[in-house]
Amino acid sequence: MVTATTAGSSTSSLTLLQKTPTWRCLPCEARRRGWVTFYGWCVGVLLCVVAGAGVAFCRPYDTPPYLIPYYLRDVRSRFQHYASVRKRKGGPVYMTVEDFVLALLASPEKELPASTIVADLQRLFGSMDANGDGYISFPEFRFLMSLLTSDPREVATLFRIADVDGCGALALEDFANVLRGATKDEAVVRSLLKPSTRRNGVVRTLFGDAAHPRNCSFDELAAVIHSIRTEVWKAEFRQYDIEQNNSITAEEFAELIAKQVLGSHLPYYLVSNIRKMRGTGDVVTLDMWLGLNEVMLHADELSTNVEMLSSSGMAITKSDFRRLMRIADMPALPKETVDLVFAVFDKNNDGTMEIDEFLFIMRKKVSYHYSVPPRDRKTLPRRLIECAGAALVDFQK
């Protein structure tokens, strides 16, 4: 009887085991692994969401350096990309005046629509060319880029500081110290002091050659820089005004400004506003274009005033814009130019404009996209921590 009972009991236990759900039969270690995998997926999804939000909200307005074309990241790459002439096989490359303009404009093209676009600049360089070949070497290009992109106020101050004798003019060796302070670039200074550089057109015009050195005044230096800037602005305008009627349409004017956005797509509202200008009949003259570029050389002063006004929470209207320019002692812009600028950068069609974006684009333009900051490599956790810290500080304020 005992044996039978035991057998029946075993049969009942087997039946219960067969009816028990499979998951209850899994070993504890397997179930634990399953939960760990589940939690791992949850944490991974959460991190992806947080990382995506961090990238979206912490992304700066400035174009990331890795999106900027490689040939614009330093002056040598820019020269090598646009220089198109070799005087002898296997020798160094040189720039034509057309190459020089394309390099300054950071053009994606390798040719201008017409050679007549640079005729005036060609004559200017021809007047300063030592041997009359019309070519620009790399040392001369680097020197010109340093002059054109340096802050005029800093150069003027450093010039006065270096003028120990108070004669109002400096020799090349003394001016090298001015350039060192303005550019923080020792390579430019070393190149400037080489004997071969002194034979280049612009350097020779300003400071003479080795046989006949001369001192250069700040007014002479500023006049040469202004002449080159003006001719480059004209050449930029002539890309649309090929027949040299000294006028372009409002849409072409907006496209000239929009071309300064490198490495990324245009904001949708800019594209929409440019399309709205098609067929309006509005015209921009060469003088209006030159005047706008002259004013934007003082964009930093205007930006300071804009920041103070914006901190009060007020939107910037056309009258505010003109008033801020007067406060910054900037040349006045014609009403037509201000109207067109607002038409391009008016995001919400409310009579105000995205002035931060306008100033950012124009600062890049007048600096020829030359001063590209080095890429600051930050890990994602560091970026998230910095973003969260900045948000916390803003919240506490």
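The exercises below, each with a worked solution, concern a predicted model of one protein chain.

**Exercise 1. The chain as a whole**

Task: State how many helices and strands the protein chain has, and what share of its residues counts as buried.

Solution: Start with the secondary structure. The protein chain holds 19 helices and six strands. Next, take the burial. The chain has 397 residues, and 40% of them count as buried. Last, look at the contacts between residues at least 6 apart in sequence. Of these, 65% join residues at least 24 apart.

**Exercise 2. The largest pocket**

Task: Describe the lining of the largest pocket and explain where the pocket lies relative to domain 1 and domain 2.

Solution: Begin with the volume, which is about 920 Å³. The lining consists of 36 residues. Those nearest the centre of the pocket are Thr149, Ser150, Asp151, Pro152 and Arg229.

Then sort the lining by class. It has 16 nonpolar, eight polar and twelve charged residues.

Now find the helices that take part. Several supply at least two lining residues each, including helix 6 (138-149), helix 7 (152-162), helix 14 (286-296) and helix 18 (355-366). The greatest contribution, six residues, is from helix 11, which spans residues 218-238.

The final step concerns the domains. Residues of domain 1 (70-228) and of domain 2 (245-366) both occur in the lining, so the largest pocket lies between these domains.

**Exercise 3. The cavities**

Task: Give the number of cavities of 30 Å³ or more, and describe the second largest cavity.

Solution: The count of cavities of 30 Å³ or more is three. The second largest cavity has a volume of about 40 Å³. Its lining is made up of Leu104, Leu105, Glu236, Gln260, Lys365, Tyr368 and His369. Divided by class, this lining has three nonpolar, two polar and two charged residues.

**Exercise 4. Two residues and their surroundings**

Task: Decide whether Ser137 and Val283 are buried, partly exposed or exposed, and list their contacts beyond four places in sequence.

Solution: Take Ser137 first. Ser137 sits in the loop between helix 5 (119-128) and helix 6. Its relative accessibility is 11%, so Ser137 is buried, the cut-off for burial being under 20%. Beyond its neighbours within four places in sequence, Ser137 contacts Phe79, Tyr94 and Asn200.

Now take Val283, which belongs to strand 6 (residues 283-285). The relative accessible area of Val283 is 46%, so this residue is partly exposed. With neighbours within four places set aside, Val283 contacts Ser247, Ile248 and Met288. A distance can be added: the C-alpha atoms of Val283 and Phe253 are 8.6 Å apart, while the two residues are 30 residues apart along the chain.

**Exercise 5. Positive phi in loops**

Task: Give the phi, the place and the exposure of Gln244 and of Asn349.

Solution: Gln244 is not a glycine, yet its phi is positive, about 55°. Gln244 lies in the loop between helix 11 and strand 5 (247-249). With a relative accessible area of 39%, Gln244 is partly exposed.

Asn349, also a residue other than glycine, has a positive phi near 55°. The loop between helix 17 (335-345) and helix 18 holds Asn349. Asn349 has a relative accessible area of 55% and is exposed.

**Exercise 6. An annotated span**

Task: Name the residues covered by the UniProt annotation "domain: EF-hand", and describe the span 333-368.

Solution: According to the unreviewed UniProt entry, this annotation covers residues 116-151, 228-263 and 333-368. In the model, residues 333-368 are 64% helix and 0% strand. The end C-alpha atoms of that span lie 22 Å apart.

Definitions and conventions. Residues numbered from 1 in each chain as written. Predicted model: local features only at pLDDT ≥ 70, side-chain atom pairs only at ≥ 80, totals over all residues. Heavy atoms only, no water. 1 Å grid on protein atoms, 1.4 Å probe; cavity = no way out; pocket = protein on both sides within 12 Å on 5 of 7 lines; lining within 4 Å. Points joined across faces, edges and corners; volume = space filled by probe spheres on them. Helix = DSSP H or I, 4+ residues; strand = E, 2+ residues; numbered from the N terminus. Nonpolar A, V, L, I, M, F, W, Y, C, P; charged D, E, K, R; others polar. Domains from an automatic or database assignment. Buried < 20%, exposed > 50% of the residue type's maximum accessible area, 1.4 Å probe, protein only. Contact = heavy atoms within 4.5 Å. UniProt positions renumbered as here; feature names shortened; annotations may be inferred.
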